[in-house]
Every structure is written in C-alpha cells, then in structure tokens.
Amino acid sequence: MADGVVQVNGLEKLSVDFGKLLHDDDKSDVTFLVGRSKERIAAHRVLCAARSDVFGALLYGGMREANEREVKIPNIEPAVFRVLLEYIYTGKANIKPHMSMKLLAAANQYNLEQLVEHCTSLIQE
C-alpha cells in the first residue's frame, strides 16, 4: 500500500461480465453481417471501438457504417469473427489451431496487437 492507496483488481470479474454481455443480444446496438452467408452477430459499438481503433473509425467515424444498425463484414468467417469478438469483450480467446491463420488476418485487420502476437506464437509452434 503506497501513500494510503489500496489497489483493487476486478479484471477477472470484468472479463466475465463483459463475456455475458457478448451473449446478450437485447442490449446490443449493432449487428454485424459476417462472411459470405451474412450471419447475424450482435455486438456493442462502444466495446468494439474501445478495443480496436479500426472499429472505432468504422462505427463512430465518418464512414456510412457509423449511422447503420447493420454492418457488413464479408471477408471474415463467422466462427473466426466470434473468436475475435470474444477477445474484444473478455481479453481471452479459445483459438483452435486450424483457425489461427484466419484469426491472425482478422486481428491484423482490426489492429488487435496482442491477439496478433498470440496467433503468431501459435503458428510458429
């Protein structure tokens, strides 16, 4: 305890709570239409933007998607996008080996540096 300040760490609970929010479509404010199949995946603009400057520009910048409730993400498979969102919301991801190259590309696209590092490590193993 320095200078009478006590640090409280609630990151694990925060991660769990945000993970629950990921699966709560009722509170979402954007729906991504993902992949060629345009699978509907609900999310929250503010969380995506907070974790990715690319999502920030897409969802809050001058692009047309900033004003749309549905945003197309045609170049990422839905399963990969779900893992990407899991990482965005919780800081954690369960990466299947066969998915690591596609997830690396998606993480690069959305400038998620730590996820890029994790995927790169998996690929190099």
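## A three-stranded sheet and its helices

In this predicted model, strands E1 and E2 pair in the antiparallel sense, and five bridges link them. Within this pairing, Leu33 stands opposite Arg40 of E2. The two strands form a hairpin with four residues between them, and in the turn of that hairpin Gly35 has a positive phi of about 75°.

E1 also takes part in a second pairing, since four bridges join E1 to E3, and these two strands run parallel. One residue of this pairing is Val34, whose bridge partner in E3 is Ile73. In general, the strands of a sheet pair through backbone hydrogen bonds, and the pairing may be either parallel or antiparallel.

How are the three strands ordered in the open sheet that they form? The order is E2-E1-E3, and the pairing is mixed. Strands E2 (39–43) and E3 are the edge strands, each of which pairs on one side only. On average, and with direction ignored, neighbouring strands of this sheet are turned by 30° against each other. Helix H4 packs on the sheet, where H4 touches E1, E2 and E3, and the direction of H4 makes about 5° with that of E2.

The chain as a whole holds six helices and three strands. Read from the N terminus on, its elements follow the pattern α-β-β-α-α-β-α-α-α. Along the principal axes, the C-alpha atoms fill a box of roughly 55 × 40 × 25 Å. Of the 125 residues in the chain, 39% are buried. Among contacts between residues at least 6 apart in sequence, 52% join residues at least 24 apart.

Packing between helices comes next. Two packed helices are described by the angle between their axes and the distance between the axes. For helix H1 (residues 11–22) and H4, the axes come within 8 Å and cross at roughly 140°, and H1 and H4 are therefore oblique to each other. The crossing in which H1 passes H4 is right-handed. On the side of H1, the contact is made by Ser15, Phe18, Gly19, Leu21 and Leu22, while H4 contributes Leu85, Glu86, Tyr89 and Thr90.

Two further helices can be set side by side through their buried residues.

| Helix | Residue range | Buried residues |
|---|---|---|
| H3 | residues 53–60 | Phe55, Gly56, Leu58 and Leu59 |
| H5 | residues 100–109 | Ser100, Leu103, Leu104, Ala106 and Ala107 |

Why do the buried residues of H5 line one face of the helix? Seen down the axis of H5, these buried residues fall within an arc of 165°, so they line one face. An α-helix has 3.6 residues a turn, so residues three or four places apart point the same way. The buried residues of H5 pack against H4 and helix H6 (113–124). After H5 comes Asn111, whose phi is positive, near 55°.

The buried residues of H3 are covered by elements that include strand E1 (30–34), helix H2 (45–51), strand E3 (70–73) and helix H4 (78–90). Helix H4 therefore returns in several parts of this description, as the following recalls. H4 packs on the sheet, H4 makes contact with H1, and H4 is one of the elements against which the buried residues of H5 pack.

Note on methods. Residues are numbered from 1 along each chain as its sequence is written. This is a predicted model: local features need pLDDT of at least 70, side-chain atom pairs count only at pLDDT 80 or more; totals for chains, interfaces and linings use all residues. Side-chain values use heavy atoms; hydrogens and water are left out. Buried means under 20% relative accessible area, exposed over 50%, partly exposed in between (1.4 Å probe, protein chains only). Contact means heavy atoms within 4.5 Å. The arc is that of the directions from the helix axis to the C-beta atoms. Two strands pair if DSSP finds at least two bridges between them. Axes are lines fitted to C-alpha atoms, for helices over the stretch in contact, and angles run from 0 to 180 degrees between N-to-C directions. Angles under 35 degrees count as roughly parallel, over 145 as roughly antiparallel, 65 to 115 as roughly perpendicular and the rest as oblique. A crossing is left-handed if the near helix is turned anticlockwise from the far one by less than a right angle, and right-handed if clockwise.
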